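I opened this notebook to keep track of what I looked up, starting with a helix and moving on to the aromatic rings.

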Amino acid sequence: MGGFVTAALGFPAVLFSFLLIVVIGYWLLALFGGVDTDGFDGGDGLLAGFGGVPLSISLSLLIAFTWFASLAGTVLLDDLELSTPSRIGFGVGVLAVALVLGTLGTRVIAVPLRRVFGPAKEPSRRDFVGRAAVIRTSSVSHDFGQAEVAAADGSTAIVDVRQAGQGNLTAGSRVVLYDYDSEGEFFWVESLDL
C-alpha cells in the first residue's frame, strides 16, 4: 500500500490524484443529493462535454483515465531511478502522454454514451401518423372533423381530421390516422372497422 501512495503522490500523478479526490467527492455528494448535477451539463457552449455527454461525466472520465495513465507513468519513472532534472523532463513527457491517453479513453467511452445523453427528439404532429383514434365530432367529411388520439407517453390530444372518400364516420367511430397535411394542419383518416 505504501508503494501505491508514493506513486500517487509522485510527479506527475500527484496533479491528477487531487483532481480524482475532487471527482470522487463530487459524485458522493451527487449520490446523496448534495450537488445539483444538472448545473454543469451545459448544451453546446463552453460547458458541453465530449460529443454530447454531460460535462460532469466527461470530465470525471477524463480525470480518471488521465490519473491512471499518469500513475502508470510515475511507477515506470520510479523504476528508472533518474536524476532530478531528468525525472522532471520525463515527468512532463509522461504528463503529455497521460493527457492524450485520457482524452482517447474518454472518447472511447463517450461515443456509446452519446446515444443515452443525446438530444431528445422534439415531439411532432407526425408522431400521431399510424395511430388509432376515436372520432369526437358528429361526423367527418373532406372539410370537417375531429378525433381524440393517444400519444406514445399516454397523453391524449384532439386533432383535426378529414376523410378522403365517402364513409359514415360518426362520433365514437374508430379510425387510423394515415397521413398528415401540414398546410391544412389536419390528419387524413380511414375507418378501422372492416
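Entry 1, a helix. I looked up helix H2, residues 13-31, and compared its expected span with its end C-alpha atoms: at 1.5 Å a residue its 19 residues should span 27 Å, and the ends are 26 Å apart, which agrees. The expected span is 1.5 Å times one less than the number of residues, and helices are DSSP runs of H or I with at least four residues, numbered from the N terminus. I noted that this is a predicted model, in which local features need pLDDT of at least 70, side-chain atom pairs count only at pLDDT 80 or more, and totals for chains, interfaces and linings use all residues. Residues are numbered from 1 along each chain as its sequence is written, and side-chain values use heavy atoms, with hydrogens and water left out.

Entry 2, its buried side. Among the buried residues of H2 (under 20% relative accessible area, 1.4 Å probe, protein chains only) I found Phe16, Leu20, Val23 and Tyr26. The buried residues of H2 pack against helices H1 (2-8), H3 (55-80) and H4 (84-117), where contact means heavy atoms within 4.5 Å.

Entry 3, the rings. I found five aromatic pairs in the whole structure, where ring centres of Phe, Tyr and Trp (its six-membered ring) lie within 6.5 Å, and planes over 60 degrees apart count as edge-to-face. Tyrosine 26 and tryptophan 27 are edge-to-face, 5.0 Å centre to centre with 80° between the planes. Tyrosine 26 has a relative accessible area of 17%. I also recorded that ring pairs link Phe128, Tyr180 and Phe187 into a cluster.

Methods
Rings of Phe, Tyr and Trp (its six-membered ring) pair if their centres lie within 6.5 Å; planes under 30 degrees apart count as stacked, over 60 as edge-to-face and the rest as tilted. Buried means under 20% relative accessible area, exposed over 50%, partly exposed in between (1.4 Å probe, protein chains only). Helices (H or I, at least four residues) and strands (E, at least two) are DSSP runs, numbered from the N terminus.
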